[in-house]
Amino acid sequence: MQTIETAPLNDAANEWGVAVMSVQANIPNPLPGQAVSFILLGDVNLENAVPPDQAVQPADVPIPVTTINASNVRALPTTVSNVVGSVQGGVQLSADAINPDKNWVRVVYADQTPGWIRRDLVSTDGDLDSLPVFTRTSQTPMQAFYFRTGIGQPSCNQSPDVLVVQGPEQATVNITANGANIRISSTIALRTTANNQLQIYTLSGEAEINGIIVPAGYTAIFQLSEDGKIVGELLEGPRPLTQEELDELQWLEGIPLDVLNYPIVIRDALPKQQIVVNVPGNGNTGPSSKVDCSKFKATSPLDGLAYGTNVFYWDAAPGATSYVVNVEGAGAKEIAAPDTFVTFDISSAGFDPQMTWSVQALYNGSVVCSSQAVTIPREWAPPPPSGGVAAAFSASWTCSGGGFTVNYAGLPAGPATVTINYVISGGTSFPFPPVSTPVPPDPGSWPISAFPNPFTLTNGFITANPSGAGVSLPDLTC
């Protein structure tokens, strides 16, 4: 199919154009409920942007493969790509594609996450060379498309002109709409406007369009080129949907479940957030000051997350009484002002190769400032040990930018955590000792922030739990 067009509501003929499409996108066939639903409602024109001679399709019948040893499943077919998960030896997976060099195959990890595993780490009776070849830029039919919706006002709120895209639950879908790269993890709606603009509504889950995060219950508007095929600058948002906008989308809950992967639920509007509020100055009853959001923003990390502990920093909003930091997959923490940093352990926070974090400033429990969300790649655990004689339990520490790093290897069998204890002189560390870290990996490392320089570490000791085995660390000055 190259194009499809549905018609707006015709009151006289009592007709309304509707079409439902099942699109492969980047979802492997072995994934249960793998179809991506495109639902065209009203005046919608959809044109395939994937050239037929370049379109690829995963294998209709995947080839069973069995892992030979403990192996990593990676986001891309390269050993420097993020690890999305690890599997033990003897685990059966289904391969539906192969890379151009034919040394990696694509599989589904944990029945929900597509990933790649090295071909020499699996065995099979099937012919892996017969699998379709996928490159980093491969797309299936209609995974990239151009669209437009009616620019007139529908005759009633129950007959809108909109394109709804819904991926499988708990799976990430990549599509390209009018030149914009869109990554969704649930359900979105798209429309174009009379001003040659593209509007995206995130109905559930989360969406990312050209690197901008649009959470559930939010919308964003982008400028389109004159021909409508290139998405330009962000014009508005992301902002919460108003109650009026949500009421206009309420009809989506009536879409029959047999064309959906799961029901669509339109929730009430988010509580309106004040940007500036009056607060007492220094606790007195005299003249009041304001919570200043003008310089409030997330400042670090902005380029990537380390495996394990990460320290998150932000610029203050003077007048705020506390801050809440939200890290996707790792939860949220509230920190009392004036502190502007907090530590999160992300080592076990899901399998997404990238994570999103943001910070909010609060006054007496009410949100008054919100930072822009930051989405950055994450480092994953090193590969599992390949076997052989286990090394003796050892540990060391070294100075690093902004603090120091503790390294360990050869943990006794069955450890669940490692505890690091020390005394710091001349500075302050964060987190404060004792520091507990989950394991594996083995070998592993744990970065700890410390300031100001110089500082000295003494009485260092690392303990493997629950065995109780320990190693002393030599004094260190950074």
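This report describes an open sheet, a group of salt bridges, a nonpolar surface patch and the surroundings of one lysine.

The model is predicted: local features require pLDDT of at least 70 and side-chain atom pairs count only at pLDDT 80 or more, while totals for chains, interfaces and linings use all residues. Residues are numbered from 1 along each chain as its sequence is written, and side-chain values use heavy atoms, with hydrogens and water left out.

**The open sheet**

An open sheet is formed by 7 strands, arranged in the order β1-β4-β13-β15-β16-β19-β20, with mixed pairing. Strands here are DSSP runs (E, at least two residues) numbered from the N terminus, and two strands pair if DSSP finds at least two bridges between them. The edges are occupied by β1 (3-6) and β20 (212-215); each has a single partner strand, so one side of each is left without a neighbour in the sheet. On average, neighbouring strands of this sheet are turned by 25° against each other, direction ignored. The angles are taken between axes, which are lines fitted to C-alpha atoms, and run from 0 to 180 degrees between N-to-C directions.

Within the sheet, β13 (residues 144-149) pairs with β15 (residues 173-177) in the parallel sense, over 2 bridges. Phenylalanine 145 has alanine 177 in β15 as its bridge partner.

**Salt bridges**

The structure holds 7 salt bridges, each defined as a side-chain nitrogen of Lys or Arg within 4 Å of a carboxyl oxygen of Asp or Glu. Three of the pairs are listed below.

| Acidic residue | Basic residue | N to O distance |
|---|---|---|
| Glutamate 5 | Arginine 148 | 3.0 Å |
| Aspartate 43 | Arginine 148 | 3.2 Å |
| Glutamate 245 | Arginine 239 | 2.7 Å |

Salt bridges with shared partners join Glu5, Asp43 and Arg148 into one network. The salt bridge between glutamate 5 and arginine 148 links distant parts of the chain, with glutamate 5 in strand β1 and arginine 148 in strand β13, 143 residues apart. The salt bridge between aspartate 43 and arginine 148 joins the loop between β3 (36-41) and β4 (44-48), where aspartate 43 lies, to strand β13, and therefore ties together parts that are 105 residues apart in sequence.

Burial is assigned from relative accessible area (buried under 20%, exposed over 50%, partly exposed in between; 1.4 Å probe, protein chains only). Glutamate 5 is partly exposed at 48%, as is arginine 148 at 35%, whereas aspartate 43 is buried at 17%. Arginine 239 and glutamate 245 are both buried.

**A nonpolar surface patch**

Trp16, Val18 and Val20 make up a nonpolar patch on the surface, together offering about 240 Å² of accessible area. Such patches consist of residues with over 30% relative accessible area and no salt bridge, nonpolar side chains (Val, Leu, Ile, Met, Phe, Trp, Tyr) being joined within 5 Å and like charges within 9 Å. Accessible areas come from the Shrake-Rupley method with a 1.4 Å probe, and for residues only the protein chains shown count as cover. Tryptophan 16 is placed in the loop between β1 and β2 (18-23) and is partly exposed, at 30% relative accessibility.

**Lysine 297**

Lysine 297 is located in strand β25 (residues 297-300) and is partly exposed, with 46% relative accessibility. Apart from neighbours within four places in sequence, lysine 297 contacts Trp314, Asp315 and Ser371, contact meaning heavy atoms within 4.5 Å. Lysine 297 and alanine 316, 19 residues apart in sequence, are separated by 7.7 Å in space, C-alpha to C-alpha.

Notes: Helix = DSSP H or I, 4+ residues; strand = E, 2+ residues; numbered from the N terminus.
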